[in-house]
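User: I have a chain to look over. Walk me through it, and define your terms as you go.

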Amino acid sequence: MTRAARPGDRASDPPAGYLVAGYRTGELLGAGAWGSVYAARGPDGTQAAVKLLGPARLSPGQRRTMAQIAHSELRFSRRADHPNLIRTLAVATVDDPAHPALDGALALVMERAARSLQDLLAAARPGAPVPGAERILTEVCAGLTHMHRAGWVHGDLKPANVLLMPDGTAKLADFGLTAELEGTHAYAPPLGSPDHVPPEWWSERTGARGVALRPSADVWAFGVLAHQLLTGGLHPFLGATARARSLAAQAYARGAAPLRLDAALPRRWRAAVTACLAADREERARGDLRALVAAATARPAAPRPRRAAIAGLAACAAAVLALTGAPEPFMPRPTGRAVPGTIPAGSDVPAAYRGMIEDAARRCPEPEITPALLAAMLKAESGFDPSAARPETGEYGIAMWTPGVFNAWAKAAAHPGPKDYMDPGDAIAAMGNYVCWLDQQLKHRGMTRGLPALVAAAYRTSDKTVAEEGGVPARVRPHVDRVLRYLADYGG
Ligand SMILES: Nc1ncnc2c1ncn2[C@@H]1O[C@H](COP(=O)(O)OP(=O)(O)OP(=O)(O)O)[C@@H](O)[C@H]1O
């Protein structure tokens, strides 16, 4: 972490012991393009970091961008609530006319990190993974996946923006370019880091609200970051400068050059990094980052116990499926078999969707994935409303799909051509496919009791979360109870 100067060295630095939102500032920890970060201590001695954004050093033209960045930091920081996202402890505007260089600055008080991945890379030996690379990548992936699921794009994932806490935990920071998805994309000022923006970024038009930003941009940046951490700092595209490397990435995206990952990149990570660096952003979006990372970090299955081997296989299968963009549960059931749990005739399941629901259930070989269960889940998800939308969490349509996740499971829809999560037929077919896979994952993890509840919970969270919490997580219990009530209504 850069320790460039002591407080008070620059006109915009606060004097030592300056009080911001109840925290006393200390030494300068580092400075970015738009702000500076200082060590700070809370009234109870809590170690913190204070980021001061503006107002000094800016031309009037820069102030607008600055205001946008400050607004983004503020909006997301307040909502960031995940062990792999830097927590904001307080937010304040400096009101101090006696210090014109500070007066009006936005102050974000955050938990204090020990260093950044940039520092780790600076000390790395090229050709060897940095210590703890796999764990760090798993944690970065967890933070990023959480953001995407909540409908946000980080927009500036790079080594300087991944902080390591004193206990080594990796946390994503710097939400200045973080933007909320509006449908398939968000908007942010055109300020990404040239080494980490995806190739399509360079040809995006900048409109009044900035450039279009998609979760697939974070996935690309994750691919670059993974390559850097696992090879001791080597960028996947060759070039002496960031400009040269970005031109090499653009040439690859145009098909003018192949992707040449460094030989030092561990074998088991090559598929995941290749998928993250897919030239086509649609293809990138189809991958499931969490499954890719899980497969890359899965240890070779030990001969015993049997369950561990099965779980390893399942993780690999998940990665392969995510890579091909055409996931399918294991063991497709021969069609035409009678399916238990058929929806009763007089129920409230709209007639238009019954056939779709029954077809989706029939494709799954698992006995608990019945039409009644899928219908109960659809009712709890959207009340059978095909135009349902929850933009705050990025979930849409009758099955409340997160668009990026839907793409990976949409192959189940029988028709050729593009699939649409707002189309009830596509959404229900994909839901059946995904729910079937979740059910199998839970069984592989040894969870065999109360599967309808576990599957409904996993659909809202993930199979991993349900397994880690040993059952239905408390936060989705009310939702799961609704599913079970509807399931009972449908005779399931
Ligand atoms: N919570 C924190 N704890 C400790 N150090 C931090 C914290 N947040 C940021 N820093 C340090 O302060 C530096 C400046 O952070 P900042 O977010 O302003 O800019 P940056 O990400 O380095 O660059 P830019 O914003 O221009 O892309 C970071 O590189 C990091 O080393």
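Analyst: Contacts come up most, so that term goes first: two residues are in contact if their C-beta atoms, placed from the backbone, lie within 7 Å. This is a predicted model, in which local features need pLDDT of at least 70 and side-chain atom pairs count only at pLDDT 80 or more, while totals for chains, interfaces and linings use all residues. Residues are numbered from 1 along each chain as its sequence is written.

User: OK. What is Ala375 in contact with, leaving aside its neighbours within four places in sequence?

Analyst: Ala375 contacts Ile343, Val349, Ile357 and Tyr490. Ala375 is found in helix 11, residues 371-382. Helices (DSSP H or I runs of at least four residues) and strands (E runs of at least two) are numbered from the N terminus.

User: Is Ala375 buried or exposed?

Analyst: Ala375 counts as buried because it has 32 C-beta neighbours inside 10 Å. The cut-offs are 20 or more other C-beta atoms within 10 Å for buried, 12 or fewer for exposed, and partly exposed in between, with C-beta atoms placed from the backbone. The C-alpha atoms of Ala375 and Pro350 are 9.7 Å apart in space, with their positions 25 residues apart in sequence.

User: Zoom out. How many helices and strands in the chain?

Analyst: There are 16 helices and 15 strands. The chain has 492 residues, and buried residues make up 49% of them. Of the contacts between residues at least 6 apart in sequence, 61% join residues at least 24 apart.

User: Sheets next. What is the order of the six strands in the open sheet?

Analyst: The order is 1-2-3-4-6-5, with antiparallel pairing. Two strands pair if DSSP finds at least two bridges between them. Strand 1 (19-20) and strand 5 (88-93) are the edge strands, each pairing on one side only.

User: How many bridges join strand 3 to strand 4?

Analyst: Seven, and the two strands run antiparallel. Arg41 stands opposite Gln47 in strand 4. The two strands form a hairpin with five residues between them, and Gly45 in that turn has a positive phi of about 90°.

User: And how many join strand 2 to strand 3?

Analyst: Five bridges, again antiparallel, with strand 2 covering residues 23-31. Thr25 has Ala40 as its bridge partner in strand 3, and Arg24 has Arg41. This is also a hairpin, with three residues between the strands.

User: How many of the residues of strand 3 are buried?

Analyst: Five of the seven residues in strand 3 (residues 35-41) are buried. Ala40 counts as one, because it has 30 C-beta neighbours inside 10 Å. Not counting residues up to four places away in sequence, Ala40 touches Tyr23, Arg24, Thr25, Gly26, Ala48, Ala49, Val50 and Val109. Its C-alpha atom is separated by 9.1 Å from that of Leu19, 21 residues apart along the chain.

User: Any annotations? Which residue does the "binding site" entry cover?

Analyst: The UniProt annotation "binding site", from an unreviewed entry, covers Lys51. UniProt positions are in the numbering used here, feature names are shortened, and annotations may be inferred rather than shown by experiment. Lys51 is in strand 4, residues 47-53. Lys51 counts as buried because it has 28 C-beta neighbours inside 10 Å. Leaving aside neighbours within four places in sequence, its contacts are Gly35, Val37, Leu108 and Met110.

User: Now the open sheet of three strands. What order?

Analyst: The order is 7-9-10, with antiparallel pairing. Strand 7 (115-116) and strand 10 (170-172) are at the edges with a single partner strand each, so one side of each has no neighbour in the sheet. Strand 7 and strand 9 (residues 162-164) are joined by two bridges, and Ser116 stands opposite Leu163 in strand 9. Helix 3 (residues 133-149) packs on this sheet, touching strand 9 and strand 10, and its direction makes about 30° with that of strand 10.

User: Last topic, helix packing. At what angle do the axes of helix 13 and helix 14 cross?

Analyst: Roughly 115°, with the axes of helix 13 (residues 424-444) and helix 14 (residues 451-460) coming within 9 Å. Axes are lines fitted to C-alpha atoms, for helices over the stretch in contact, and angles run from 0 to 180 degrees between N-to-C directions. Val435, Leu438, Asp439 and Leu442 of helix 13 meet Leu451, Leu454, Val455, Ala458 and Tyr459 of helix 14.
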